[in-house]
Amino acid sequence: MVTTAPGRTLRADARRNRERLLTEARSVFAEHGADASLEDVARRAGVGIGTLYRHFPNRHALLSAVFEDAVGDLLSRSRELLDAPEPCAALVTWLREIIAHAGEYRGLARALMSVTSDHTSALARCSDPIRQAGAALLARAQRAGRVREDVAVNDLLQLTNAIALAAEEAPGDPELADRLLQLTLRGLKPG
């Protein structure tokens, strides 16, 4: 059963509306990007815009709900990679997966970059756990002497989102993200 606020359970019709909104938001965001019309999402879900805003008070709240499953997958993957034999390769693998995830929805990288220091945003529910998972992988690579000690996880995630954004803007160059990630990684290595 879906709950929205502590102790508050949604009625069956409200739960169905919420699920339809999420299904249609995933589709609309995949087709038109994270800046797509919320009115279009509501219309395709067969509800009014007021219903959308009752469930998701703003775009970031809807984006957060849409991406929670993917974030869960990224977090699970980060835990798996903590046991990988090569800490730097594990970090790189995870960063590539973040870039691929961000590339599923045009505008996601930009939205995530916009909330880097705004912990009050609903998107922080997605970005905070990602930051913690990345910090664990980064620390492991730093302890192994494979990444400079002065590299901060926030900077690394901003660079990763910037790479995803650059790749989004150059769809004709499928290798761009990997080339930019390789350049970034060279700068992370100790002198």
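I will go through the overall build of this chain and then spend the rest of the time on one helix, α7.

Please keep in mind throughout that what we are looking at is a predicted model. The chain has nine helices and two strands, and if you read along the sequence, the two strands come before the helices, in the pattern β-β-α-α-α-α-α-α-α-α-α. The C-alpha trace spans about 60 × 40 × 25 Å along its principal axes, and of the 191 residues, 46% count as buried. Among contacts with a separation of 6 or more, 63% are between residues 24 or more positions apart.

As for the surface, the chain exposes about 9,700 Å², with carbon and sulfur atoms supplying 52% of that area. There are 25 positive and 25 negative charges, and their mean positions lie 4 Å apart.

Now to α7, which runs over residues 124–143 and has 20 residues; from its first C-alpha to its last it reaches 27 Å, close to the 28 Å expected at 1.5 Å a residue. Which residues of α7 are buried? They include Ala124, Cys126 and Ser127, then Ile130, Arg131, Ala133 and Gly134, and further along Leu137, Leu138, Arg140, Ala141 and Gln142. It may help to recall that an α-helix has 3.6 residues a turn, so residues three or four places apart point the same way.

And what do the buried residues of α7 pack against? Their partners are α4 (59–81), α5 (87–103) and α6 (108–114), together with α8 (153–169). Finally, α7 is followed by Gly145, a residue whose phi is positive, near 75°.

Key: Residues numbered from 1 in each chain as written. Predicted model: local features only at pLDDT ≥ 70, side-chain atom pairs only at ≥ 80, totals over all residues. Heavy atoms only, no water. Helix = DSSP H or I, 4+ residues; strand = E, 2+ residues; numbered from the N terminus. Expected span 1.5 Å × (residues − 1). Buried < 20%, exposed > 50% of the residue type's maximum accessible area, 1.4 Å probe, protein only. Contact = heavy atoms within 4.5 Å. Areas by Shrake-Rupley, 256 points an atom, 1.4 Å probe, with all protein chains shown as cover. Lys, Arg positive; Asp, Glu negative; His and termini not counted. Charge placed at Lys NZ, Arg CZ, Asp CG, Glu CD.
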